[in-house]
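Dear colleague,

I am passing on the structure we spoke about, with the sequence alongside. Please open both before reading the notes that follow.

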Amino acid sequence: MYTFSSKLKTFSFILMIVGVLGIGYSFFTAPKDINDVEAILASQHGHHGDAHAEGAEHHDAKDAHVNTAHSEDAHAAAGHDAHDAHGAEAHEAHDEHTHHLEHVLHQLQNKPWAGVYVAALFFMLISLGALAFYAIQNAASAGWSPVLFRVMEGISAYLIPGAVIVFLLLVLGVMGSHHLFIWMDKDVVAHDHLIQGKSGYLNGTFFLIRAALFMGGWIFYRQYARKVSLAQDEASDNLNFKKSFKAAASFLVFFIVSESIMSWDWIMSVDPHWFSTLFGWYVFASFVVSAVTVIAMVTLYLKSQGYLEYVNTSHIHDLAKFMFGFSVFWTYLWFSQFMLIWYADIPEEITYFVTRIEHYNLPFFGMVVMNFVLPVLILVNTDFKRLTWIVVLAGTIILCGHYIDFFNMIMPATVGDQWFIGAGEIGSILFFMGLFIFVVFSAISKAPLLAKRNPLIEESKHFHY
């Protein structure tokens, strides 16, 4: 049985503490009013004014207002009509500038929440992906993977605290504590007929009911699957194994429906005017390849500590094959979604990608390199899939790339062009990584690492590719 080392436990606590400090700093330094925003924009303008190109016309309007005020004496001689005209122009320019500052204030106040939400969702979906992969192995009666089952069960343990945190963030959104979902803002909905047309589905009560139903179903299967897996260790027959098979097949039906709707609710609805029929599959590919990557990396860590004696290079090779295959699958979906929308050039659809290419050019195309080009080049060789350092290198790139993928999905609609990866984003990653490590390795340490009475365990022990 694995012993959760004090060093790893301490490391996870340090990550969480540093993460909390980073998150706290991002909330503390968020602007409180438009005066703070004006100071922030003024300090940023000299360093990277291009990032604020969207607001350039508003700054020009402000300059026009100042010039108008300075030349007031010159226009006085032209009569009261000219003076009133210039005064109206100045007032209009001032209102535009104020409106722009309020818009940027809204984006910058969203930023700490968005950083927490992206990281919370990313790590929770990794655990869900591990659970789905585990269910697939059980439903397929796969012979190669049973020696890895306890690793998958351990990773899926994070689904419970991870889902609770994400659910709380959704509740806070419905309560108005943050404004990541614009359709939750009654003032916006009152002036937007498109969102009004979706209000039968996009409303706070139904939104939270769906979330509770999905999370409850996932957690119920995880707990049940873990229970019968441990019971099979002590059983004298294969009844629990048969229960695992039936439960896995039923769960996968529920999962594929709930995962699609979840991706519409929690990710796609931050852009309520936009939709893609491929989006559910796209999100699925992103978090499942991340989950398989984490399974491989946790397995390699345990192996390096002298555990998992029956795991050999063939098992690692197969995990690396899934990392390779799902990376290609994700790229196929990314390109299909991007190419079809771009080629059709329908304004309601193309705006999604225009925003990301204009304001998120580096992370948008950078993630394609990180999620496709590099993993394929690194893992295309069969021999490379058996080398620990190669798999860890590819895995690190994949996890970073898919975090940026989720970043690209959430940030443009919530913070606009006011994005950067700062203390809040890094702190959120560190906090949830620390919590993830603590929960996963605590769960792994609570049961034997070998599912010894699984009927396929001997085949898995002697698996060679």
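How many helices and how many strands does the protein have? It has 18 helices and zero strands, where helices (H or I, at least four residues) and strands (E, at least two) are DSSP runs numbered from the N terminus.

Before the details, a word on how to read them. This is a predicted model, in which local features need pLDDT of at least 70 and side-chain atom pairs count only at pLDDT 80 or more, while totals for chains, interfaces and linings use all residues. Residues are numbered from 1 along each chain as its sequence is written, and side-chain values use heavy atoms, with hydrogens and water left out.

The average pLDDT (the predictor's confidence in each residue, from 0 to 100) is 88 for the protein, and 89% of the residues score at least 70. The stretch to treat with caution is residues 47-78, where pLDDT stays under 50 and the model has 23 contacts beyond four places in sequence; a contact here means heavy atoms within 4.5 Å. Where pLDDT is low, the predicted coordinates should not be read in detail.

Of the 465 residues of the protein, 52% count as buried, with buried meaning under 20% relative accessible area, exposed over 50%, and partly exposed in between (1.4 Å probe, protein chains only). Among contacts with a separation of 6 or more, 83% join residues that are 24 or more positions apart.

The interior comes next. The largest nonpolar core, meaning a set of buried Ala, Val, Leu, Ile, Met, Phe, Trp, Tyr and Cys residues joined through side-chain atoms within 4.5 Å, has 132 residues, and those with the most contacts inside it are M124, W218, W266, F287 and F441. Helix α5 (residues 80-139) gives the largest share of this core, 20 residues. Apart from it lies another core, of six residues, among them V37, L41, L105 and L108.

Several residues show how distant parts of the sequence come together. Leaving aside neighbours within four places in sequence, F287 is in contact with L125, I126, L128, G129, F255, E259, M262 and F406. L125 itself lies in helix α5 and is buried, because its relative accessible area is 0%; with neighbours up to four places away again set aside, its contacts are M262, F287 and F406. L125 and V283 are 158 residues apart in sequence, yet their C-alpha atoms are 9.5 Å apart in space.

I267 is placed in the loop between α11 (239-266) and α12 (279-304), and it counts as buried because its relative accessibility is 2%. Not counting residues up to four places away in sequence, I267 touches L121, M262, F279, V283, F406, M409 and I410, and its C-alpha atom is separated by 6.8 Å from that of M409, 142 residues away along the chain.

L449 is found in the loop between α17 (423-444) and α18 (457-461), and with a relative accessible area of 10% it is likewise buried. Not counting residues up to four places away in sequence, L449 touches Y2, V147, R150, L302, Y307, L308 and I444.

A polar residue deserves a look as well: N408, in helix α16 (residues 388-415), counts as buried because its relative accessibility is 2%. Beyond four places in sequence, N408 is in contact with R356, Y360, P363, F364 and M367.

One helix pair may also interest you. Helix α6 (residues 149-156) and helix α10 (residues 204-234) pack at an angle of about 150°, with their axes 11 Å apart; the axes are lines fitted to C-alpha atoms, for helices over the stretch in contact, and angles run from 0 to 180 degrees between N-to-C directions. In this pairing R150, E153 and S156 of α6 meet R222, R226, S229, L230 and D233 of α10.

Lastly, there are two backbone points to check. Most residues other than glycine have a negative phi. S141, in the loop between α5 and α6, has a positive phi near 50°, and it counts as partly exposed because its relative accessibility is 34%. D345, in the loop between α13 (313-344) and α14 (347-359), has a positive phi of about 60°, and at 51% relative accessibility it counts as exposed.

With best wishes
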